[in-house]
Amino acid sequence: MLTGLMILEGVLSIALIAVVVLQSGKSAGLSGSIAGGAESIFGGKGKGLDGILAKATIILATLFGIVTLVLVKLMQ
């Protein structure tokens with residue numbers, strides 16, 4: 001079981017890196033990041049592939065965190 005979780009951790013990490021690299025940059029500079037964050041909080045919707053990649057990033061990061069916590073607990 002431990003080996004399977006370690007393999008899953010590796011696959012999730014590679015997938016997470018790939019999804020993050022495939023995303024397009026929203027805008028440059030600090031002001032763009034503030035405006036982009038406010039837009040996503042107040043109902044701005046991602047369109048097309050960017051929206052799918054954003055959701056995939058959230059899902060993969062959550063799974064990665066859960067698997068990491070389970071591995072840490074099993075190795076103690």
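The following paragraphs lead from the overall fold of this chain to a few of its individual residues.

The model is predicted. Its chain holds 3 helices and 0 strands, and from the N terminus on the elements run α-α-α. Of the 76 residues, 16% count as buried. The chain exposes about 5800 Å², and carbon and sulfur atoms supply 75% of that area. Contacts link distant parts of the sequence: among those with a separation of 6 or more, 97% are accounted for by residues 24 or more positions apart.

Two of the helices deserve particular attention here. Helix α1 covers residues 2–22, and helix α3 covers residues 49–75. An unreviewed UniProt entry lists residues 51–72 as "transmembrane region". In the model, this span is 100% helix and 0% strand, and its end C-alpha atoms lie 32 Å apart.

L2 offers a starting point for relating the two helices. This residue is placed in α1, and its C-alpha atom is separated by 7.2 Å from that of L71, although the two residues are 69 residues apart along the chain. Leaving aside residues up to four places away in sequence, L2 touches L71, L74 and M75. L2 is nevertheless partly exposed: its relative accessible area is 34%, which lies between the 20% limit for buried residues and the 50% limit for exposed ones.

L2 also belongs to a nonpolar surface patch of about 680 Å², made together with M1, M6, I66, V70, L74 and M75. The elements that give two or more residues to this patch are α1 and α3. Helix α3 provides the largest share, with 4 residues. M6, another member of the patch, is placed in helix α1. M6 counts as partly exposed because its relative accessibility of 40% falls between the same limits of 20% and 50%.

T57 presents a contrasting case within helix α3. Is this residue buried or exposed? T57 counts as buried, because its relative accessibility of 17% is under the 20% cut-off. Its contacts, not counting residues up to four places away in sequence, are with L16, V19, V20 and Q23. The side chain of T57 also reaches the backbone oxygen of L53, at 2.7 Å.

Taken together, these residues illustrate two settings in the model. L2 contacts L71, L74 and M75 and contributes to the nonpolar surface patch, whereas T57 is buried and touches L16, V19, V20 and Q23.

Note on methods: Residues are numbered from 1 along each chain as its sequence is written. This is a predicted model: local features need pLDDT of at least 70, side-chain atom pairs count only at pLDDT 80 or more; totals for chains, interfaces and linings use all residues. Side-chain values use heavy atoms; hydrogens and water are left out. Buried means under 20% relative accessible area, exposed over 50%, partly exposed in between (1.4 Å probe, protein chains only). A polar contact is a pair of N or O atoms within 3.5 Å; within protein, one must be able to donate a hydrogen and the other to accept it, and residues adjacent in sequence count only if both atoms are side-chain atoms. Contact means heavy atoms within 4.5 Å. UniProt positions are given in the numbering used here, feature names are shortened, and annotations may be inferred rather than shown by experiment. Patches are made of residues with over 30% relative accessible area and no salt bridge: like charges are joined within 9 Å, nonpolar side chains (Val, Leu, Ile, Met, Phe, Trp, Tyr) within 5 Å. Accessible areas come from the Shrake-Rupley method with a 1.4 Å probe; for residues, only the protein chains shown count as cover. A salt bridge is a side-chain nitrogen of Lys or Arg within 4 Å of a carboxyl oxygen of Asp or Glu.
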